[in-house]
Amino acid sequence: MELDRKSFLLAASAAIVLPGQEAQARTSPIYQLPESKTKRFAWTIDDGVSNTAVKSYLDLAEKYNQHLTLFVTSCYPSWRKNKSQISDLLAQGKIQLGNHTLSHRDLSTAADAIVRNQLQQCHEFLLETYGYDARPYFRPTYGYWTKHLIKLAAELGYTVPVMWYGTLGDGYNRSQKSTLELAHKWVVNRRIVIDHANVPKGPNELLRVVELINKRGMRSVTLREAFGPNYR
Ligand SMILES: [Zn+2]
């Protein structure tokens, strides 16, 4: 009985197209933050292949008060292993979780049923594990999006596709520019900056970025903080 009730609640929470929502449906992703009186940027971190890397960002939020948006690919164990710290940081409002699919399929070419399943499975993982509803924010895998994908995602309540304008690297190619070099270029007011928790950064690399943020009189904010709680 309990399982049935749980399934019902998940299904009910997934059926979320609100009256009037389609009339003002979005046709393109967001790339930057709205204007504000303070200098701020969104530090967004994707995937979560490396548990060590995920942990380093959680520690950054906890110990250095950086507000981060983590786009979760829910098949990676790091999102379960760090449950206690993630729960604490969510409760403190220091991190936000976004939907980055179950297993990182390219949604721009996948069949509709696969797109729905990829988004829905990640959605349900976050709901079951954290009691957390990541809607309306999702990040298209590989940054590949189509108007059709945006429409399908919106039908599941994921009405805000999030792209980026600047990167702190994917960590895979260490001969590329350092995180700090990239931060110098991209940590700028109103930017949404993409980063990845797939390969651990070098020692203190993230702290150097925090020093730069502070030196520039900026702060990192979650997307919810920047856009407000009712943004759709
Ligand atoms: Zn990704």
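This passage describes the packing of helices α2 and α4 and the burial of helix α8 in a predicted model. Local features in this predicted model need pLDDT of at least 70, side-chain atom pairs count only at pLDDT 80 or more, and totals for chains, interfaces and linings use all residues. Residues are numbered from 1 along each chain as its sequence is written.

Helix α2 (residues 51-64) packs against helix α4 (residues 83-91) at an angle of about 40 degrees, and their axes are 11 Å apart. The two helices are therefore oblique to each other (angles under 35 degrees count as roughly parallel, over 145 as roughly antiparallel, 65 to 115 as roughly perpendicular and the rest as oblique). Leu-58, Ala-61 and Glu-62 of α2 make the contact with Gln-85, Ile-86 and Leu-89 of α4, contact being defined by C-beta atoms, placed from the backbone, that lie within 7 Å. By residue class, this contact comprises four nonpolar residues, one polar and one charged.

In helix α8 (residues 205-215), the residues Leu-206, Val-209 and Ile-213 are buried (20 or more other C-beta atoms lie within 10 Å of the residue's own, against 12 or fewer for an exposed residue, with partly exposed in between). Seen down the axis of α8, these buried residues fall within an arc of 55 degrees, so they line one face of the helix. The exposed residues Asn-214 and Lys-215 are carried on the face of α8 turned away from its buried side. Among the elements that cover the buried residues of α8 are α2, α7 (179-186) and β7 (219-220). Gly-217, which follows α8, has a positive phi near 65 degrees.

Key:
Axes fitted to C-alpha atoms, helices over the stretch in contact; angles between N-to-C directions. Helix = DSSP H or I, 4+ residues; strand = E, 2+ residues; numbered from the N terminus. Contact = placed C-beta atoms within 7 Å. Nonpolar A, V, L, I, M, F, W, Y, C, P; charged D, E, K, R; others polar. Arc of directions from axis to C-beta.
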